[in-house]
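Student: Could we go through this structure together, a few questions at a time?

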Amino acid sequence: MTAPTITLVRGDITEQDADAVVNAANSSLLGGGGVDGAIHRRGGPEILADCRRLRASHYGKGLPTGRAVATTAGRLPARNVIHTVGPVHSASEDRSGLLASCYRESLRVADELGAATVAFPAVSTGVYGWPMADAARIAVAAVRGTETSVREVRFVLFDEAAYIAFQAALAEYA
Ligand code: AR6
């Protein structure tokens, strides 16, 4: 196990040709907006069917924040989707450990799947309100600090501002 190579791309996570793509889900695992909506839309109903099975077998009370779980990727180019639940950003409480946990736990699940390439969105930076620069630093530090068999971690950034924030975070941790 070594630290994975980190690459940055601007684009849409649903188009990524990676072994696994990570979904910024919510604890219901039943879909939503943003990345979650795009993944279910493009991936088709098999993903939701898997999510429902997981809810029934393990996560009746919801997947806890900071945890991750895998399903099929349906019609997406990837083999699997790894669903993780980011924390809602809070100005009064430090939840950065939970955000870091999303990346660590997703990589642990990726190891179980034998995935060599994993594509991540910027978890919690949309609906969940996390400031991009801070989220980027937490994401890069978490991946750098995780022992994994994954060879490439690709951050897929939706817009220029996110891409620049991740570039800056990578430069900081170089
Ligand atoms: N590919 C890559 N990045 C994207 C895409 C895409 N197709 N679409 C949006 N982004 P969000 P969260 C960026 O809101 O903050 C859902 O309703 C987006 O610009 O998807 O973790 C879930 O069900 C932002 O920078 O996830 C939850 O309820 C980042 O991805 C809740 O939102 C994450 O934005 C999770 O909120």
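What follows is a short set of questions and answers on helices and a ligand.

Tutor: A word on the source: this is a predicted model, where local features need pLDDT of at least 70, side-chain atom pairs count only at pLDDT 80 or more, and totals for chains, interfaces and linings use all residues. Residues are numbered from 1 along each chain as its sequence is written, and side-chain values use heavy atoms, leaving out hydrogens and water.

Student: At what angle do helix α1 and helix α2 pack?

Tutor: Helices here are DSSP runs (H or I, at least four residues), numbered from the N terminus. Axes are lines fitted to C-alpha atoms over the stretch in contact, and angles run from 0 to 180 degrees between N-to-C directions. For α1 (residues 34-43) and α2 (residues 45-57), the axes are 6 Å apart and the angle is about 115 degrees.

Student: Which residue just after α3 takes a positive phi?

Tutor: Helix α3 covers residues 96-113. Just after α3, a positive phi of about 75 degrees is found at Gly114.

Student: Which residue offers a backbone N or O atom 2.8 Å from an oxygen atom of the ligand?

Tutor: The ligand is surrounded by 23 residues (a heavy atom within 4 Å). Polar contacts, meaning pairs of N or O atoms within 3.5 Å, include side-chain atoms of Asn26 at 2.7 Å from a ligand oxygen and of Thr125 at 2.6 Å. The backbone atom at 2.8 Å belongs to Gly126.

Notes. Helix = DSSP H or I, 4+ residues; strand = E, 2+ residues; numbered from the N terminus. Expected span 1.5 Å × (residues − 1). Polar contact = N/O pair within 3.5 Å; in protein donor to acceptor, adjacent residues only side chain to side chain.
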